[in-house]
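This report describes the strands, a turn, a salt bridge and a pocket of one protein. Please consult the sequence and the model shown below while reading.

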Amino acid sequence: FADYEDVRTLAMHRVVQAEMLFLDSRKKEGFTLDAYIESGHMGVRNGEPITLRALFSKAAGEHLFETPLVVDQILAATPDGRLELTATLPNTRELRWWLLGLGDGVEVLEPVTMRAEIQAVIQRMAAHYA
């Protein structure tokens, strides 16, 4: 990666060919993979797991019956025809991206901090289209 000093990651499934070099590797001072992952990079986790409670439209959430997010998830129909999900999940950026990608097909109820975070993103998005 030339003279870059920041952490670089590779999508291994995209590597077509590699060649072993007999050069010393460069290690960033104070870098540990565990700390890097714990800080939320790579989307693996960001702190402790969360209990997500969300309402899905039938179209947005019915796949969760066949492909659950986690083993402990609870998915139940509500009187208004939506699906309520309760699940303990890793706190990741990918979770937020997935939820935002469902658009108006999902409403995050808890945790309230995630609800507020998603609400703020939606408000910034709406401002772009005002």
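Where does Pro-111 lie? In this predicted model, Pro-111 belongs to the loop between E4 and H5.

## The loop between E4 and H5

The peptide bond that joins Glu-110 and Pro-111 is cis, with an omega of about 0°. As a general point, most peptide bonds are trans. The loop that contains Pro-111 leads from strand E4 (106-110) to helix H5 (112-129).

## The sheet

Four strands make an open sheet in the order E2-E3-E1-E4, and their pairing is antiparallel. Strand E2 (74-77) and E4 occupy the edges; each has a single partner strand, so one side of each is left without a neighbour in the sheet. On average, neighbouring strands are turned by 20° against each other, direction ignored.

Strand E1 (residues 50-56) runs antiparallel to E4, and four bridges join the two. Within E4, Glu-107 is the residue that stands opposite Leu-55. In general, strands of a sheet pair through backbone hydrogen bonds.

## Helices on the sheet

Two helices that pack on the sheet are H4 and H5. H4 touches E1, strand E3 (83-89) and E4, and its direction makes about 10° with that of E1. H5 touches E1 and E4; the angle between its direction and that of E4 is about 140°.

## The hairpin of E2 and E3

E2 and E3 pair in the antiparallel sense over four bridges. One of the bridge partnerships links Ile-74 with Thr-86 in E3. The two strands form a hairpin with five residues between them. Gly-81, in the turn, has a positive phi of about 90°. For comparison, most residues other than glycine have a negative phi.

## A salt bridge between strands

Six salt bridges are found in a search of the whole structure. In one salt bridge, the side chains of Arg-53 and Glu-84 meet at 2.8 Å, N to O. Arg-53 lies in strand E1 and Glu-84 in strand E3, so this pair ties together parts that are 31 residues apart in sequence. Side chains of opposite charge can pair when their charged atoms come close.

## The second largest pocket

The second largest pocket has a volume of about 230 Å³. Its lining includes Leu-99, Leu-100, Val-106, Glu-107, Arg-115, Ile-118 and Met-125. Helix H4 (93-101), strand E4 and helix H5 are the elements that each give two or more residues to this lining.

Which element supplies the largest share of the lining of the second largest pocket? That element is H5, with five residues. By class, the lining has seven nonpolar, two polar and two charged residues. Glu-107 thus appears in two settings: Glu-107 lines this pocket, and Glu-107 stands opposite Leu-55 in the sheet.

Definitions and conventions: Residues numbered from 1 in each chain as written. Predicted model: local features only at pLDDT ≥ 70, side-chain atom pairs only at ≥ 80, totals over all residues. Heavy atoms only, no water. 1 Å grid on protein atoms, 1.4 Å probe; cavity = no way out; pocket = protein on both sides within 12 Å on 5 of 7 lines; lining within 4 Å. Points joined across faces, edges and corners; volume = space filled by probe spheres on them. Nonpolar A, V, L, I, M, F, W, Y, C, P; charged D, E, K, R; others polar. Pairing = 2+ DSSP bridges. Axes fitted to C-alpha atoms, helices over the stretch in contact; angles between N-to-C directions. Contact = heavy atoms within 4.5 Å. Salt bridge = Lys/Arg side-chain N within 4 Å of Asp/Glu carboxyl O.
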